[in-house]
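Hello! Here are my notes on this model, set out as numbered points so you can follow them with the coordinates open.

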Amino acid sequence: MKTSRLIAALLGILLLPAPALAQGVLGVGEDALVLPRGTVRFRVLSEWTQWFERYGRGTPGRKDGSLEPLGLDFNLDSIGPSQFENIGPVQANIRTLAGMPNFNASLGKSVLGLRDQIVATPLAIEVALTNRISLAVTVPLVTATAQAGWRVNPTGLEPTIGFNPTLGATSAITANAALLAQFDSAAAQLNQRLAFCSSNPAATGCGSINANRAGALVLIGNANSFATGLGQLYGGRNGSTGALFVPISGTAAEAAIEAKVAAYRALYSAFGAMAIVGTGPVAAQTMAIGDMQQLLTDSTFGVRAKPLATSVTHGIGDIDFALKVNLFDSFHGGTKRRFAPQGFNWRQSVGGVFRLGTGTLDAPDNFIDLAAGDHQNDVEIRSYTDLLYGSHFWISLVARYNVQMADERVMRITDSPHQPIAAAYRQETVKRDLGDEFNVEVTPRWSINDFVGLAGQYSYRRKFSDAYTGNFTVTNLVGQQVAIDASTLDLNTEAREHRLGLGVTYSTVAAFEQKKTRVPVEITYFHTQTTLGSGGSVPKVTLDRVEVRWYWR
């Protein structure tokens, strides 16, 4: 019986309206209210924002606006010259050496699972200078986490090339040098045999050699050319390390090269030159996750970036300084009248925000980390409209236009947003002008009683395209002079986003005004998520917020 009475009492608090003290529960989001002169409102929020999908644009094989995994651009069936240009010459050399014109050099398959999360704790203080003017400062403390799980070559059979063993082992250089020396020795033996048989045609075996002198000379020329290609690719000649990548042991390309070595051994043997005893150069091993991380981080390969691994950024976000001015209030600033509304009422306020770019930026050498803020100054204008009817229902309309100011920052200039891995030579200081933003929120509210309020929210965000400028002439990874244009960073930066949300608020403000409690406080829980995105690469965001407001006069 006691339990049933307690449940009935709680339901009574939540569902039975009190004597029309609706405006004591402000609730979710922003509104047009300016606090009474001398009132200070402290706000502490905790926001959890996360996303693992995006509404894509321009993704090969996908329709614009369709949902796709956040790490999709790193999901590759074949990592080759399109991602790392220094693989291109390797591919050309292998095609020639192996006699495989359609050979595709690949480091294998890549699959990246990526989930982004930002945990923000904005601390805000708002002071009402008059009954119509208030000032506020908001300082967000931010932890931004990119959770990454990178898998490469799950079967081990996907790659066709790997790291050249000569990069880390002198024994590989020695072994390759020995094979090249055998080719040199075989050519020298056959040349000596040709010279001897030319002077001694009746000597044993010289008849067959003299009968095919042209074939012998062709063999020497072809074998020397093949050995030169081996040295350029695998290394070993004069202690050189060769190319960065070579075929993997057991692959078709490596088997074809070893077959050619065996063929030259047989051809030389037919002429009596028995110097070649090796089976082939030292081949690579398959690429594992540690090798792929080394490819990104080791300066030898030209990328010089952070590993594709979970990254955490701590810092202060961009700080807001806000001014709010009430233009019209049908309550005429009267607190008692606001707590007991009747009929139709209307409030209209305007505001301005200067946003100081104190947020920590993402690093140019980290391809997946998150920033704690935009790190550039903004000016934002706002309009707040409250429409109230009766004692329990009201709606807030808030519109914002954010002008983002130009600045400069160091970035890696990519050719496409779908090719996010950029070599170190692409890192330059560029001029940046982030696109302006327009945002509108519609928040209908229902004040159930003096203590509890419910709210829904629809918001629309329109972000215009960024503008990056800067033209540079640089030397790429294969020694070519190339021009790069920072305007490629503009791609996919436009956005249109729709969100829906729900929230609930518990408030003691009305009770405080009635001298029923000593602490005027509001506690709000709010959940919202993106329901549609288009125009660019738009994250599908889920946000949960807990907010505490405490009033002091």
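1. Let me begin with enclosed space. This is a predicted model, and a search of the whole structure turns up two cavities of 30 Å³ or more. The second largest cavity holds about 50 Å³ of space. Its lining includes a run from the early part of the chain, Val25, Leu26, Gly27 and Val28. Also in that lining are Trp394, Arg445, Trp446, Ser447, Gly453, Leu454, Ala455 and Thr505.

2. Which elements give two or more residues to the lining of the second largest cavity? They are strand E15 (437-447) and strand E16 (452-463). By class, the residues around this cavity divide into seven nonpolar, four polar and one charged. As general background, rolling a probe the size of a water molecule over the atoms shows where empty space is left.

3. Now to the open sites. The largest pocket has a volume of about 370 Å³. It is lined by 27 residues, and those closest to its centre are Ser82, Gln83, Phe84, Gln419 and Ile421. Helix H7 (residues 289-297) gives the most to this lining, with three residues. The class count for the lining is 17 nonpolar, six polar and four charged residues.

4. The second largest pocket comes to about 240 Å³. From the earlier part of the chain, its lining takes in Thr59, Pro60, Arg62, Leu72, Asp73, Asn75, Leu76, Asp77 and Gln83; His418 and Gln419 line it too. Here the classes are three nonpolar, five polar and three charged residues. If you are setting the two pockets side by side, note that Gln83 and Gln419 are among the residues closest to the centre of the largest pocket and also belong to the lining of the second largest one.

5. On to helix packing. Two packed helices are described by the angle between their axes and the distance between the axes. For helix H5 (residues 213-234) and helix H6 (residues 252-270), the axes come within 11 Å and cross at roughly 145°. The crossing of H5 and H6 is left-handed.

6. What makes the contact between H5 and H6? H5 brings Leu219, Ile220, Asn222, Ala223, Phe226, Leu230 and Tyr234, while H6 supplies Glu254, Ile257, Lys260, Val261, Tyr264, Leu267 and Tyr268. Sorted by class, the contact residues are eleven nonpolar, one polar and two charged.

7. Next, the strands. In general, strands of a sheet pair through backbone hydrogen bonds, either parallel or antiparallel. Strand E4 (residues 110-128) and strand E5 (residues 133-152) are antiparallel, with 19 bridges between them. A hairpin of four residues connects E4 to E5, and Ser110 has Val152 of E5 as its bridge partner.

8. E5 has further partners. With strand E9 (residues 319-329), E5 shares six bridges in an antiparallel arrangement, and Ser134 faces Lys324 of E9. E5 also pairs with strand E8 (residues 311-316), again antiparallel and over six bridges. In that pairing, Val142 is matched with Gly315 of E8.

9. A three-stranded open sheet runs in the order E13-E14-E17, with antiparallel pairing. Its edges are strand E13 (407-412) and strand E17 (467-469), each of which pairs on one side only. From one strand to the next, the twist averages 40°. E13 and strand E14 (residues 427-433) are joined by six bridges, and Met411 lies opposite Glu428 of E14.

10. Another open sheet of three strands has the order E3-E2-E22, and its pairing is antiparallel. Which strands sit at its edges? Strand E3 (67-69) and strand E22 (538-539) do, each pairing on one side only. Strand E2 (residues 53-55) meets E22 through two bridges, and Tyr55 has Val538 of E22 as its bridge partner.

Methods:
Residues are numbered from 1 along each chain as its sequence is written. This is a predicted model: local features need pLDDT of at least 70, side-chain atom pairs count only at pLDDT 80 or more; totals for chains, interfaces and linings use all residues. Side-chain values use heavy atoms; hydrogens and water are left out. On a 1 Å grid over the protein atoms alone, a cavity is a set of points where a 1.4 Å probe fits but cannot get out, and a pocket is an open set with protein on both sides within 12 Å along at least five of seven lines; lining residues have an atom within 4 Å of a point. Grid points are joined across faces, edges and corners, and a volume is the space filled by probe spheres set on the points. Ala, Val, Leu, Ile, Met, Phe, Trp, Tyr, Cys and Pro count as nonpolar, Asp, Glu, Lys and Arg as charged, and the others, Gly among them, as polar. Two strands pair if DSSP finds at least two bridges between them. Axes are lines fitted to C-alpha atoms, for helices over the stretch in contact, and angles run from 0 to 180 degrees between N-to-C directions. A crossing is left-handed if the near helix is turned anticlockwise from the far one by less than a right angle, and right-handed if clockwise. Contact means heavy atoms within 4.5 Å.
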